[in-house]
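Open your viewer and keep the sequence panel beside it. We will go stop by stop, selecting a few residues each time.

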Amino acid sequence: MPASPDGHLVPLSSRRSLLAFGAAALGSFVLSGCAADGSSESSLAPANSAPSVHPAPAPASPAASSTGAVAPGDGAPEFLDRDKAIDMFKGRAAGSFGLEVPGIQLGLPEGAKFAALTFDACGGPRGSAVDTALLSTLRAHRAPATLFINQRWARANPGLMKELVADPLFEIANHGTLHAPLCIAGQKAYGIPGTASVGSAYDEVMENQRYMAGEFGVDARFFRSGTAHMDEAGAALCRALGIVPMNFTRNLDAGATFAASAVASQVKLLKSGDVGIGHFNQPGSGTAAGVRAGLGPLLDSGIKLATLSQGF
């Protein structure tokens, strides 16, 4: 298995579409995400892996709309409680750790007729800004998107959070409480320690899940961890909670580090079944301009876009 320049092992399937950038791009292809303090970190990541075949569980709440919204304090589903989760996973091995471990959903289900845009807001001191140009671009093109929101970002932007929840173009998903890799043995991704036990993994998922439900009426169906890294136990915990552990097949902005031209190239390469990942919390990046340049040609090609819930 090859390694990235910083020593992280990279699945061979993660390199499939790098030829679109040429061999020189290989060393600079980076994963989206923010560090624990909201700063960006870099590594190689899936460019266009085949969609995962792991089945997705049924929605946690059948009454929830495609935007993931329910009335605050009303209609939120009952989840496995913390003590029962700890007992259920007692003695469970962590399993493999990474971006594509068994249990993580990468793309839409087989046969999907849509592609899905997803954008993360990581929160933290350097991760709580808002790329209003990107949101305006999505709205101008009527392009649905799923927004993965960390609790720190939601707390920093309560007014905008309410606006996004109310907009039927967007689905709100769970990007964790502290933006940590989701695991049970403290495995690190890019030097960032992950959750170190079943209990702390549960808290990373459920504290934000319950916060968004209580404050904004969001019943999130999908979870993406900080750094997008999980171990097999973390992915299984999400599924036990009725939440899909969701990653991606195409990296659109490499942690908001790609120039606009590279972002546009990635957007235009989306195919039915793909899930693209970008960021909407870094307004100084090339993401908005790249999405704006790539969306028109993508839609003109006949590719249809959907939120994750619509695609499932």
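The tour starts with the whole chain, then visits single residues, and ends at a pair of helices.

**Before you start**

This is a predicted model, in which local features need pLDDT of at least 70, side-chain atom pairs count only at pLDDT 80 or more, and totals for chains, interfaces and linings use all residues. Residues are numbered from 1 along each chain as its sequence is written, and side-chain values use heavy atoms, with hydrogens and water left out.

**Stop 1: the whole protein**

Show the cartoon. You should find 9 helices and 11 strands. Both are DSSP runs, numbered from the N terminus: helices are H or I with at least four residues, strands are E with at least two. Of the 312 residues, 59% are buried. Buried means under 20% relative accessible area, exposed means over 50%, and partly exposed lies in between (1.4 Å probe, protein chains only). Now consider contacts, meaning heavy atoms within 4.5 Å. Among contacts with a separation of 6 or more, 80% join residues 24 or more positions apart.

**Stop 2: Phe97**

Select Phe97, in strand β1 (residues 97-98). Is Phe97 buried or partly exposed? Its relative accessibility is 25%, so Phe97 counts as partly exposed. Add Pro181, which is 84 residues away along the chain. The two C-alpha atoms are separated by 9.5 Å. Leaving aside neighbours within four places in sequence, the contacts of Phe97 include Pro181, Cys183, His229 and Met230.

**Stop 3: Gly123**

Go to the loop between β2 and α2 and select Gly123. Gly123 counts as buried because its relative accessibility is 0%. Then select Arg155, 32 residues apart from Gly123 in sequence. From C-alpha to C-alpha, Gly123 and Arg155 are 8.8 Å apart in space.

**Stop 4: two positive phi angles**

Most residues other than glycine have a negative phi. Here are two with a positive one.

- Select His179, in the loop between β4 (170-174) and β5 (188-189). Its phi is about 65°. His179 is buried, because its relative accessibility is 0%.
- Select Ala254, in the loop between β10 (250-251) and α7. Its phi is about 50°. Ala254 is buried too, with a relative accessible area of 0%.

**Stop 5: helix α8**

Select residues 287-300, the 14 residues of helix α8. How far apart are its end C-alpha atoms? They are 20 Å apart, which agrees with the 20 Å expected at 1.5 Å a residue. That expected span is 1.5 Å times one less than the number of residues.

Look at Gly294, where α8 bends by about 30°. The bend is the angle between axes fitted to the seven residues ending there and the seven starting there. Pro297 follows within four residues. Buried residues of α8 include Ala288, Val291 and Leu298. Their cover includes β2 (116-121), α2 (132-140), α7 (260-268) and β11 (275-279). Just after α8, find Gly302, with a positive phi of about 100°.

**Stop 6: α7 against α8**

Show both helices. They pack at an angle of about 35°, with axes 7 Å apart. Axes are lines fitted to C-alpha atoms, for helices over the stretch in contact, and angles run from 0 to 180 degrees between N-to-C directions. Among the residues that meet are Ala260, Val263 and Val267 in α7, and Val291, Leu295 and Pro297 in α8.
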